[in-house]
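Subject: Structure handover

Hello,

Here is the structure I said I would pass on. Please look it over before reading the notes underneath.

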Amino acid sequence: AYSYPASYASVMSVAAVDSNKNKASFSQFNDQVEIAGPGVSIQSTIPGNKYASWSGTSMAAPHVAGVAALVWSHFPNCSNKQIREALIASAQDLGADGCDHNYGFGLVDAKGAYDFLSEKGCNFPTGDTQGGCYQCVECTSSPTSSPTVPPTTSSPTPCAGKTFHLKLKIDSYGGETSWKVTRQHNNNVNIVKSGSGYASNSVVHVEECIPNDACTFEIFDSHGDGLCCGFGRGSYQVWVDGVEKGSGGSFGSSDIVSLCSTMPTPSPTLAPFVTPTAGPTAGPTTAPSSAPTPLLTQAPAMPTAPTPNPAPIMPTTQPPSPPVSCLSIKVDISTDTYPEETDWTISDKTGNVVASGGGYTDKMTRYIQDVCLEIERIYTFSISDTYGDRICCEYYGSGSYKLYLGETAFIEGGHFFSSNQHMFLLVDQDTVLIDHGTVSGINQLGHF
């Protein structure tokens with residue numbers, strides 16, 4: 001999975017390591033990870049003129065930024081790209097030989113980067129900005145090519161129909177995703193191309209020659225939660241003969257894209273809206289594609305609404321809901337064989353409960369609840385088992401709990417007997433900090 005802005009090619013994606021130079025369990029891993037820095041139990045300042053130990057890539061990234069600034073201060077004539085390549089060329093290799101998805105090129109080394117530029121100066125050329133393991137091909141022997149760059153050439157054999165190109169970013173549950181391209185012939189729907197069985201958090205490119213009358217692309221998620229954004233920031237893009245036909249990721253069980261300029265299946269009498277009562281619902285909502293249709297069907301209604309006054313008034317008197325400062329936290333509870341014993345709360349700094357859950361009835365079942373919390377606030381997540389025998393794992397099932405920010409679980413556990421608490425600071429849409437000093441119980445996970 002990719003998180004942004006870290007995974008942009010122009011940004012150095014930083015992994016977090018502990019004092020033993022092992023990758024932290026919460027640290028993201030993909031082909032855009034470029035370098036690593038200390039990120040576990042780092043002393044940091046907090047409000048009230050205090051210090052606390054924090055863990056996360058938000059601790060690791062400032063280490064790398066600080067080294068970059070320090071080295072640049074000694075070599076001010078170097079470009080930002082030269083400083084970047086000095087850092088990765090001099091990094092201490094960790095994990096697999098060369099650049100890898102867990103550590104990138106390795107642990108940042110200030111002295112090594114200084115020595116590198118002392119020897120080479122600021123006159124060496126730099127390559128294209130690609131990010132991750134592809135940023136400096138001279139620094140490692142692998143990988144030799146990027147799986148994330150879309151193919152730019154067509155099939156070696158001439159295509160008698162049209163060229164279909166699909167780019168898939170798979171979420172954390174690759175086995176749930178499948179797709180197909182179909183054509184309608186003599187009232188029969190025939191599958192022309194299809195795909196499934198993808199690895200989780202992978203990037204897939206498909207380029208095929210399909211018939212000109214293959215007009216429908218359908219993508220499916222067997223769990224019904226789409227590709228984005230509960231368990232990964234997956235997405236899809238579809239092109240035909242180099243022209244983008246559709247894209248998406250946030251859908252339920254399926255999504256549809258039209259691959260033809262006009263769909264051959266709908267009746268031509270519906271397109272010009274011959275029957276006003278049936279035309280807007282039957283024709284436009286299914287004919288072109290799922291993405292643009294809602295805009296086309298709703299747009300004409302707005303100017304003719306009999307009461308136009310609320311439109312300009314509402315945005316100025318009441319902010320849209322949810323507010324910008326509200327971020328969605330996903331609470332994921334897997335019950336044990338006694339679900340009724342489990343309940344949880346999220347409370348703010350003053351002790352007011354802002355979210356809660358409980359009353360579960362199904363054994364060994366996963367319950368997911370979205371909670372919108374204000375940023376720049378300290379919260380406490382509390383979970384309890386009324387019988388005091390925890391929800392995992394020796395006694396009555398393998399229950400668990402996880403809290404997600406985007407695709408990443410920043411709190412998880414299950415071994416806690418009667419109760420467990422985690423205090424966290426929600427900073428922004430990419431950052432949440434865990435105060436390990438306030439966490440009770442056995443199983444904790446820091447993040448960012």
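The notes below go from the whole chain to single residues.

Overall

Please keep in mind that this is a predicted model. The chain holds six helices and 21 strands. Of its 448 residues, 41% are buried. The accessible surface is about 23,000 Å², and carbon and sulfur atoms account for 54% of that area. Taking contacts between residues at least 6 apart in sequence, 64% join residues at least 24 apart.

Sheet and hairpin

Five strands make an open sheet with antiparallel pairing, in the order β15-β14-β17-β20-β21. The edges are β15 (353-357) and β21 (431-434); each has a single partner strand, so one side of each is left without a neighbour in the sheet. From one strand to the next the twist averages 25 degrees. At the β21 edge, strand β20 (residues 419-428) runs antiparallel to β21 and is joined to it by four bridges. One bridge there sets Leu-426 opposite Val-432 of β21.

Strands β6 (residues 177-185) and β7 (residues 188-196) are also antiparallel, with eight bridges between them. Thr-182 has Ile-191 in β7 as its bridge partner. The two strands form a hairpin with two residues between them, and Asn-186 in the turn has a positive phi of about 55 degrees.

Helix α2

How many of the 10 residues in helix α2 (residues 80-89) are buried? The count is seven, and the helix is mostly covered. The buried residues of α2 are Gln-82, Ile-83, Arg-84, Glu-85, Ala-86, Leu-87 and Ile-88. That list includes Arg-84 and Glu-85, which you may want to look at on screen. The buried residues of α2 pack against β2 (33-38), α1 (57-74) and α3 (110-120).

Aromatic pairs

The structure holds 13 aromatic pairs. One of them is Phe-116 with Phe-124, an edge-to-face pair with 5.8 Å between centres and 85 degrees between planes. Phe-124 is counted as buried because its relative accessibility is 9%, under the 20% limit. Lys-120 lies over the face of the Phe-124 ring, at 5.0 Å from the ring centre.

A tilted pair is formed by Phe-381 and Tyr-401, 5.6 Å centre to centre and with 40 degrees between the planes. Phe-381 belongs to strand β17 (residues 377-385) and Tyr-401 to strand β18 (residues 400-405), so this pair ties together parts that are 20 residues apart in sequence. Phe-381 is buried at 0% relative accessibility, and Tyr-401 is buried with a relative accessible area of 0%. As noted above, β17 is also one of the strands in the five-stranded sheet.

There is also a cluster: ring pairs link Phe-164, Trp-179, Phe-217, Tyr-236 and Phe-251.

Single residues in loops

Gly-406 sits in the loop between β18 and β19 (408-413). Gly-406 counts as buried, at 19% relative accessibility; the limit for that class is under 20%. Which residues does Gly-406 touch, not counting those up to four places away in sequence? They are Cys-229, Gly-230 and Arg-233. Between Gly-406 and Gln-429 the C-alpha to C-alpha distance is 7.8 Å, while the two are 23 residues apart in sequence.

Two further loop residues are listed for their backbone angles. Most residues other than glycine have a negative phi. Ser-41 is not a glycine, yet it has a positive phi of about 55 degrees. Ser-41 lies in the loop between β2 and β3 (42-46) and is partly exposed, with a relative accessible area of 48%. Met-364 likewise has a positive phi, near 50 degrees. Met-364 is placed in the loop between β15 and β16 (366-374), and at 48% relative accessibility Met-364 counts as partly exposed.

Regards

Technical notes: Residues are numbered from 1 along each chain as its sequence is written. This is a predicted model: local features need pLDDT of at least 70, side-chain atom pairs count only at pLDDT 80 or more; totals for chains, interfaces and linings use all residues. Side-chain values use heavy atoms; hydrogens and water are left out. Two strands pair if DSSP finds at least two bridges between them. Rings of Phe, Tyr and Trp (its six-membered ring) pair if their centres lie within 6.5 Å; planes under 30 degrees apart count as stacked, over 60 as edge-to-face and the rest as tilted. Buried means under 20% relative accessible area, exposed over 50%, partly exposed in between (1.4 Å probe, protein chains only). A charge sits over a ring if NZ of Lys or CZ of Arg is within 6 Å of the ring centre and within 35 degrees of the ring normal. Contact means heavy atoms within 4.5 Å. Accessible areas come from the Shrake-Rupley method with a 1.4 Å probe; for residues, only the protein chains shown count as cover. Axes are lines fitted to C-alpha atoms, for helices over the stretch in contact, and angles run from 0 to 180 degrees between N-to-C directions.
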